[in-house]
Amino acid sequence: MFSPAPFLTFFLSYLLWIQCVAGGNSNSSVPPKIGKGYRLISVEEGPGGGFVGYLQVNQKNDVYGPDIPYLRLFVKHETGDQLRVQITDADKQRWEVPYNLLPRDQPPPLKKAIPRSRKNPITVSELSGAELIFSYTSDPFGFSVKRKSNGQVLFNSTADESDPFGQLVFKDQYLEISTKLPGDASLYGLGENTQPHGIKLYPSDPYTLYTTDVSAINLNTDLYGSHPVYMDLRNVGGKPYAHAVLLLNSNGMDVFYKGTSLTYKVIGGVFDFYFFAGPTPLGVVDQYTAFIGRPAPMPYWALGFHQCRWGYHNLSVVEDVVENYKKAKIPLDVIWNDDDHMDGHKDFTLNPTNYPRPKLLAFLDKIHSIGMKYIVIIDPGIGVNSSYGVYQRGIANDVFIKYEGEPYLAQVWPGAVYFPDFLNPKTVEWWGDEIHRFHELVPVDGLWIDMNEASNFCSGKCKIPVGKQCPSGEGPGWICCLDCKNITKTRWDDPPYKINASGLQVPIGFKTIATSAVHYNGVKEYDAHSIYGFSQSVATHKALQGLEGKRPFILSRSTYVGSGKYAAHWTGDNKGTWEDLRYSISTMLNFGIFGIPMVGSDICGFYPAPTEELCNRWIEVGAFYPFSRDHANYYSPRQELYQWATVAESARNALGLRYKILPYLYTLNYEAHISGAPIARPLFFSFPTYTETYGLSTQFLLGSSVMVSPVLEQGKTEVKALFPPGSWYSLFDMTQIIVSKGQYFTLDAPLNVVNVHLYQNAILPMQQGGMISKEARMTPFHLIVTFPAGANEGQAKGSLYLDDDELPEMKLGNGYSTYVDFYANIKQGSVKLWSEVQEGKFALDKGWIIDRVTVLGVGGSTNASSLEIDGTPVATTGASNIKFNSVEQNHLQELEDGADAQKTMMLEIHGLKFLVGKNFAMSWKIGIHG
């Protein structure tokens with residue numbers, strides 16, 4: 001849904017606020033180096049391995065408050081490739097991300113007495129693990145993390161006089177630590193923000209992490225999610241090495257990346273670092289998601305196309321949208337409602353006039369019968385209304401966040417609201433009950449949780465005004481109409497260090513829950529703010545799983561470390577501009593690194609208004625987002641894909657291919673769930689030795705082998721695309737081939753064309769497509785096998801995962817899933833293709849077959865002979881149903897050294913009836929030029 005305001009309105013609101021805020025320390029007057037750091041005064045072996053050390057401050061100062069005099073250091077190699085380094089107050093328990101929300105090993109409990117022996121000077125020492133080495137210096141204390149295999153320093157917090165950063169700082173509301181970095185390291189992550197320079201972190205760009213409802217059109221600004229993790233990719237002597245660094249801390253923070261250093265400035269919590277050794281990008285994400293939680297399995301239909309709009313005023317409009325997609329022959333799996341279906345914008349209600357329940361149920365029966373799905377929005381704010389059952393039950397169960405002992409009053413779409421406290425177990429139970437009640441009212445297929453940063457149209461302490469209606473029903477609904485006073489009386493509302501919130505150093509309680517408000521067990525909003533959306537995702541996931549035992553689908557705007565285990569994400573309120581189209585790729589790729597692979601942006605833009613040309617190009621990108629949805633704002637012109645004839649044609653082309661490769665996307669969904677592997681990936685994931693890909697933000701991969709190279713500029717009918725070394729085959733015209741040494745090629749890209757290529761050594765499972773994923777899923781399979789062009793010897797492989805996507809778990813061994821590995825090789829004039837099936841019964845029961853195989857890049861003549869299937873010769877002439885067909889392929893460029901004289905062929909074998917659930921093997925001879 002719409003953010004409270006675009007940037008201008010937001011800025012004016014902020015100016016009004018700031019005039020009322022007394023004082024306000026400017027960070028610019030603070031010296032660049034604070035204090036003299038800490039010294040290590042004792043070290044001892046920790047329980048269960050690792051060690052515990054104690055630090056004492058060297059010289060006290062009051063910049064941003066008094067120093068915490070003694071710190072406890074805990075270091076442990078938790079796995080062979082994961083190292084934890086935690087620094088906290090040695091005397092008092094401090095806020096940490098709740099262990100029940102993000103399960104992980106607990107550090108040792110704090111001791112009552114701190115060892116303070118200084119008799120034996122402590123020299124440099126280290127703790128070695130299987131992949132990483134931790135070492136430290138004692139005075140001033142600093143630590144480094146090295147790669148064991150080659151001694152490469154991954155993180156180094158020791159500061160010299162010549163360094164632009166200072167020593168370790170640890171105060172109650174200000175923590176600072178830095179690391180040196182090599183200048184040629186490529187960093188990715190630290191979101192959520194809209195990065196104008198592409199996927200790589202850009203030196204001196206601001207990176208502030210604090211969940212905020214600010215439109216994604218604002219660049220380099222803290223947005224809806226907080227992900228304090230980065231991946232570091234280096235090329236050392238031609239060999240790539242990747243690792244990741246997570247600072248598990250939910251407090252607001254600024255991260256300053258200067259190219260040769262990175263500094264964290266955090267306003268609370270602890271330093272809880274996790275280092276993941278890699279050394280490949282895929283290995284990093286595997287290790288990271290093993291720790292934070294594997295990405296949620298998605299139902300098959302979620303990978304279809306989705307349509308939404310804020311402004312479908314009544315059910316007949318929704319029915320017309322579904323019908324118009326059908327008439328336009330554009331695939332559609334899921335129809336959504338923003339809050340138009342609600343009664344007065346209240347959660348878990350239906351508008352009795354515009355969405356009468358009998359008619360809505362009849363509509364849902366109709367679309368459910370053909371496999372379509374229906375999803376609606378839910379915001380966390382619960383309308384304060386004594387006649388509203390959800391509110392009544394919430395009050396009775398005492399589930400709301402408190403301020404000065406009373407539920408904290410805010411304003412969102414219904415008007416005055418209270419916010420549920422999802423850290424409270426009673427709230428989780430109440431929320432689950434409300435979802436159950438709503439599902440009895442309307443059998444929705446998933447939930448969309450929005451505004452959960454949390455967003456508030458007001459700031460401070462508010463009251464419901466006497467004698468006037470709020471909201472009035474006239475004008476924008478996001479204008480604050482409560483009677484409010486700013487809250488600046490506590491250090492939680494006005495901390496000494498001002499993070500660059502909203503890009504303007506706005507107060508951290510601006511347009512959200514007051515940071516001195518209190519959650520369950522006395523937890524302050526100041527600490528828990530950025531996990532609010534995460535905690536709501538966890539509660540919502542639990543509720544949906546408990547409904548019918550089906551696999552949940554949740555879309556959340558606000559996310560944190562671990563959210564991907566429960567929810568998908570869309571990138572929020574973007575704009576219908578060419579710039580926003582380009583930015584969407586970088587944001588999507590970052591979320592794959594964050595462990596939230598099911599991600600996409602509002603296709604054609606949320607704010608008004610895309611041009612026809614832009615919407616053409618956007619669906620050509622958005623058709624390949626993992627989460628593919630067209631969504632528009634209440635005030636935008638209609639922009640469903642059938643609104644323009646040219647856009648409808650582009651949609652049929654691009655979504656047509658998406659629906660054919662749904663088996664591949666679903667297999668990638670499975671791989672994401674078991675290993676964290678992103679569905680959409682930067683090219684460097686597959687080509688980490690090729691440094692030209694490190695900053696590439698205009699193309700992306702689906703899985704390891706499918707590359708999308710879209711047009712991202714107005715008026716262009718061709719695209720300059722980078723092709724890493726090897727052979728690439730067009731998926732729209734498989735006779736077209738590019739053999740690259742690692743170079744750019746200019747590709748034709750008329751308005752309705754997007755370039756999608758398949759890399760060599762792959763076997764891609766496809767089906768025939770359809771208008772709904774349910775019907776597309778039951779069509780015969782087609783395998784695309786790619787060899788290096790003209791190679792006399794080569795291998796290819798691929799895989800396919802199939803299951804009952806209604807089941808909550810996505811796994812083998814339950815009798816409702818099948819996994820197939822496909823292999824192929826070409827050698828000495830013979831091609832062989834075979835499968836190895838695990839748990840074949842499910843696929844056999846479904847009756848899935850492979851009826852066609854296409855082999856690309858075969859060198860030789862049109863002659864194919866001696867076909868054998870499962871060791872038995874098979875005729876391909878006469879009355880046989882199995883036929884060979886071959887076509888010479890066209891090279892975009894001439895090959896060198898006379899190689900252009902050698903043909904490469906596309907060979908198709910039709911009329912097959914291989915059962916997907918049963919092993920098969922086939923081979924044939926080909927004619928080879930001498």
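Which helix holds both Asp-845 and Lys-841, and how many residues apart are they? The two lie in helix α14 (residues 841-846), four residues apart, about one turn of the helix. Welcome to a short tour of this predicted model, with stops at a largely enclosed helix, the cavities and the salt bridges.

**Helix α8 and its surroundings**

- Helix α8 spans residues 532-548, and because twelve of its 17 residues are buried, the rest of the structure largely encloses it.
- Among the buried residues of α8 are the aromatic-ring carriers Tyr-532, Phe-534 and His-541, together with Ala-539, Ala-543, Leu-544 and Leu-547.
- The cover over these buried residues includes two helices, α6 (425-441) and α7 (525-528), as well as the strands β26 (446-449) and β29 (554-556).
- Thr-540 is a good residue to click on: it sits in helix α8 and counts as buried, because its relative accessibility is 0%.
- Leaving aside residues up to four places away in sequence, Thr-540 touches Trp-431, Ile-435, Leu-447, Ile-449 and Ile-554.
- Just past the end of α8, Gly-549 adopts a positive phi of about 70°.

**Cavities**

- The whole structure contains eight cavities of 30 Å³ or more, and the largest has a volume of about 90 Å³.
- Residues lining the largest cavity include Glu-192, Asn-193 and Thr-194, along with Thr-571, Asn-574, Asp-580, Tyr-583, Ser-584 and Thr-587.
- Sorted by class, that lining is made up of seven polar, three nonpolar and two charged residues.

**Salt bridges**

- Side chains of opposite charge can pair when their charged atoms come close.
- Across the whole structure, a search finds 33 salt bridges.
- Asp-845 and Lys-841, the pair from the opening question, form a salt bridge whose closest N and O atoms are 2.7 Å apart, and both residues are exposed.
- Helix α6 holds another such pair, Asp-433 and Arg-437, four residues apart, about one turn of the helix.
- The closest N and O atoms of Asp-433 and Arg-437 are 2.8 Å apart.
- Asp-433 is partly exposed, with a relative accessible area of 30%, and Arg-437 is partly exposed too, at 40%.
- Arg-294 and Asp-286 also meet through their side chains in a salt bridge, at 2.8 Å from N to O.
- Both partners of that bridge are partly exposed: Arg-294 has a relative accessible area of 23%, while Asp-286 is at 28%.
- A network of salt bridges links Asp-213, Asp-450, Glu-453, Arg-557 and Asp-573.

Technical notes: Residues numbered from 1 in each chain as written. Predicted model: local features only at pLDDT ≥ 70, side-chain atom pairs only at ≥ 80, totals over all residues. Heavy atoms only, no water. Buried < 20%, exposed > 50% of the residue type's maximum accessible area, 1.4 Å probe, protein only. Contact = heavy atoms within 4.5 Å. 1 Å grid on protein atoms, 1.4 Å probe; cavity = no way out; pocket = protein on both sides within 12 Å on 5 of 7 lines; lining within 4 Å. Points joined across faces, edges and corners; volume = space filled by probe spheres on them. Nonpolar A, V, L, I, M, F, W, Y, C, P; charged D, E, K, R; others polar. Salt bridge = Lys/Arg side-chain N within 4 Å of Asp/Glu carboxyl O.
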